[in-house]
Amino acid sequence: MGGFLMIVPTEACQANCSYCFGPHKGNGMMQLDTINAIVNWQNSLFKNEPNEKLDITFHGGEPLIAGKEYFRKTLQIFKNDLLYRNTRYAIQSNLWLLNHELCEIFRDHQLAVGTSLDGPEDINDSQRGIGYFRKTMAGIQMARSFGLEVNCICTFTSKTINHAEEIFSFFLKEGLNFS
């Protein structure tokens, strides 16, 4: 059976994407007590099925706002306390706050990295805001320097659909998988 968990450390986000449905301001950080409660809940549901697959994705808002200590402690709680033996971790982030310490934590926990780009800089920034592209590409380069593969979500809108070929070419040129 297995399962999928989406963890939202914060609803806050420093980007201002034109089509975003999020609140941007957020209401604080998810506390470690909540992570422990999630672990206890999952363990009670699947205590007789420890070999089932569990996918855990950190999402938001912008999950990296939570910081390195949040991820270090949260991932350690999952590793130590979850009954699941087949757990995979991922994050969906704009990568603006990615740093060496977070890359090391993500590499150590084999955390899959996902980000959002809508194509080349002019197309992307017309929807996501000026500067988004460069900050996200810097995060992609940092992740790659630690051996982390980065995959992308690309949002097509009525503004960008006529640029599909250019967008596809961009992702091919950059060696980025996208959906």
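Strand 4 and strand 5 lie side by side in this predicted model, paired in the parallel sense over four bridges. To find one point where the two meet, look for serine 116, which stands opposite isoleucine 153 in strand 5. On its other flank, strand 5 pairs with strand 6, again in the parallel sense, over two bridges. There, asparagine 151 has asparagine 177 in strand 6 as its bridge partner.

Stepping back, these strands belong to an open sheet of six, with the order 1-2-3-4-5-6 and parallel pairing. Strand 1 (3-7) and strand 6 (177-178) stand at the edges with a single partner strand each, so one side of each has no neighbour in the sheet. As general background, strands of a sheet pair through backbone hydrogen bonds, either parallel or antiparallel.

Strand 5 rewards a second look, this time at its side chains. Which residues point to the buried face, and which to the other? The side chains alternate: Val150 and Cys152 point to one face and are buried, whereas Asn151 and Ile153 point to the other and are not. A helix also belongs in this part of the picture. Helix 5 (residues 132-145) lies across strand 4 and strand 5 (150-153), and its direction makes an angle of about 165° with strand 4.

Now move along the sheet to strand 2 and strand 3, which run parallel and are joined by six bridges. One of the residues to pick out here is lysine 53, whose bridge partner in strand 3 is asparagine 86. Lysine 53 also takes part in a salt bridge: its side chain meets that of aspartate 55 at 3.8 Å, N to O. Aspartate 55 has another partner in arginine 88, with the closest N and O atoms 2.7 Å apart. That second pair links distant parts of the chain, since arginine 88 sits in strand 3 (residues 86-92) and aspartate 55 in strand 2 (residues 53-58), 33 residues apart. Through shared partners, the salt bridges join Lys53, Asp55 and Arg88 into one network.

How accessible are the members of this network? Aspartate 55 counts as buried, because its relative accessibility is 16% and the cut-off for buried is under 20%. Lysine 53 is partly exposed, with a relative accessible area of 37%, and arginine 88 is also partly exposed, at 43%.

The structure holds six salt bridges, and another of them takes us to the region around helix 4. Arginine 128 and aspartate 118 meet through their side chains at 3.1 Å, N to O. Arginine 128 is in helix 4 (residues 121-128), while aspartate 118 is in the loop between strand 4 (112-116) and that helix, 10 residues apart. Both arginine 128 and aspartate 118 are buried.

On the way into strand 4, the chain passes through a loop that follows helix 3 (100-108), and histidine 109 is found there. Is histidine 109 buried or exposed? Histidine 109 is buried, with a relative accessible area of 17%. Leaving aside neighbours within four places in sequence, histidine 109 is in contact with Leu75, Gln76, Lys79 and Tyr89.

The tour ends at the surface. Phe156, Ile161 and Phe168 make a nonpolar patch of about 260 Å². Of these residues, phenylalanine 168 has its place in helix 6 (residues 164-174) and counts as partly exposed, at 39% relative accessibility.

Definitions and conventions. Residues numbered from 1 in each chain as written. Predicted model: local features only at pLDDT ≥ 70, side-chain atom pairs only at ≥ 80, totals over all residues. Heavy atoms only, no water. Salt bridge = Lys/Arg side-chain N within 4 Å of Asp/Glu carboxyl O. Buried < 20%, exposed > 50% of the residue type's maximum accessible area, 1.4 Å probe, protein only. Pairing = 2+ DSSP bridges. Contact = heavy atoms within 4.5 Å. Axes fitted to C-alpha atoms, helices over the stretch in contact; angles between N-to-C directions. Patch = residues over 30% accessible without salt bridge, like charges linked within 9 Å, V, L, I, M, F, W, Y side chains within 5 Å. Areas by Shrake-Rupley, 256 points an atom, 1.4 Å probe, with all protein chains shown as cover.
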